[in-house]
Amino acid sequence: MTPLLAEAGRIQGGWSYVWTAYGLTWSALALYALSLWLRRPRKEP
Amino acid sequence: MTHALFTVVGVAVVGGGLYALVRGPASWRAGVAVLALVLLVSGAWYGLVQAPPDREMGNVQRIMYVHVPAQWMALMAVTLNFLCSVAYLFRPSWPKDALAEASAEVGLFFGAVGLVLGSIWGKPTWGVYWSWDPRLTSEAILLVAYAGYLALRRFIDDAERRAVWSAVVGIIIAVDIPIIWFSVRWWRSLHQMQSSPSTVDPDMVRALRWNAFAFLALWLVFLSTRYLIARARTEREMAPPPMVAEAAT
């Protein structure tokens, strides 16, 4: 029996999944922003 | 009627915003990025604290506030890619090709994030990270297709041929967009159908909208920056070799 099994019709717990999802989202957004920043067009000297 | 008016105004505002960010100074993009960050922090507070837990999914449902906006941004980007591809074939121009390239990459990015988030949400609710469900499968096909689209663009050196071929491929891939959207209605899908704000708790709607606007602001910044990267590369490719340029002056 997993701790997330429905009790009284509602999934219990699950905060670890929520934090993982939000953490991954923020990390992915930051990394993609960084990749665009590194590739940004620069004026040639 | 109201819905159609809202859509027209929304498209005009987003299109105008994108145009302004592309044409305006870098400080405008930085300003919208800061706004996006503020919205993202506020959205996280609404999604993680303010919104109530779902009646059946409990707190796990809070993943929806980032999963759904990510998928919306992905679908907006790939629809833009389709429009640019069609427009390019009718009347070729480098800005259309650059916007097609930018929208493909941004669409692939948001789509991949949305798919991973959906997978994380699937484990506690469906019991598995992945299922060959029509919605998930059609979304996965779209992402693989756009990865191929971007690979194709890297393999073709000739800029004009690259633009034409990728426009054709972009139109072919777009067949998958309505399949993704309607898959939950056309087939018996594990994935739920689209919800309506009228059937959802107002606090949940607020959390979703706040995050959606944060993602939209980021979408505009990402797309405009990626467009400028694509334009700069095309200009480098089109520039005459140094010796020819010197002879011309």
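## A pocket between two chains

In this predicted model, α8(B) gives the most to the lining of the second largest pocket, with ten residues. That pocket holds about 920 Å³ of space, and 29 residues line it. If you want to find its centre, look for R40(A), P41(A), R29(B), T225(B) and L228(B), which lie nearest to it.

Both chains have a hand in this lining. The elements that give it two or more residues are α1 (15–39) of chain A, plus α2 and α8 of chain B. As for the make-up of the lining, 19 of the residues are nonpolar, two are polar and eight are charged.

## Where the chains meet

So how many residues of chain B are in contact with chain A? There are 37 of them, and they touch 25 residues of chain A. Chain B and chain A bury about 2600 Å² between them, with 75% of that on carbon and sulfur atoms.

What about charges across the interface? The rule finds one salt bridge there: the side chains of E105(B) and R39(A) come together at 2.8 Å, N to O. Counting residue pairs in polar contact, with both at pLDDT 80 or more, gives three between chain B and chain A.

On the side of chain B that touches chain A, the elements giving two or more residues are α2 (26–50), α3 (64–90), α4 (94–126) and α8 (202–238), each from chain B. Which one gives the most? That would be α4(B), with eleven residues. Sort the residues on this side by type and you get 24 nonpolar, five polar and eight charged. Two of these helices, α2 and α8 of chain B, are also ones we met in the lining of the second largest pocket.

## A closed space in chain B

Now for the enclosed space. Rolling a probe the size of a water molecule over the atoms shows where empty space is left. Here the count comes to one cavity of 30 Å³ or more, and the largest cavity has about 30 Å³ of space in it.

Which residues line the largest cavity? They are C84(B), S85(B), Y88(B), K96(B), D97(B), A100(B), Y149(B), A163(B), S166(B) and A167(B). The elements that give two or more residues to this lining are α3, α4 and α6 (159–173) of chain B. By type, the lining splits into six nonpolar, two polar and two charged residues. Notice that α3 and α4 of chain B turn up again here, having already appeared on the side that touches chain A.

Note on methods:
Residues numbered from 1 in each chain as written. Chains lettered and ligands numbered in written order. Predicted model: local features only at pLDDT ≥ 70, side-chain atom pairs only at ≥ 80, totals over all residues. Heavy atoms only, no water. Contact = heavy atoms within 4.5 Å. Buried area = accessible area lost by both parts, 1.4 Å probe. Salt bridge = Lys/Arg side-chain N within 4 Å of Asp/Glu carboxyl O. Polar contact = N/O pair within 3.5 Å; in protein donor to acceptor, adjacent residues only side chain to side chain. Helix = DSSP H or I, 4+ residues; strand = E, 2+ residues; numbered from the N terminus. Nonpolar A, V, L, I, M, F, W, Y, C, P; charged D, E, K, R; others polar. 1 Å grid on protein atoms, 1.4 Å probe; cavity = no way out; pocket = protein on both sides within 12 Å on 5 of 7 lines; lining within 4 Å. Points joined across faces, edges and corners; volume = space filled by probe spheres on them.
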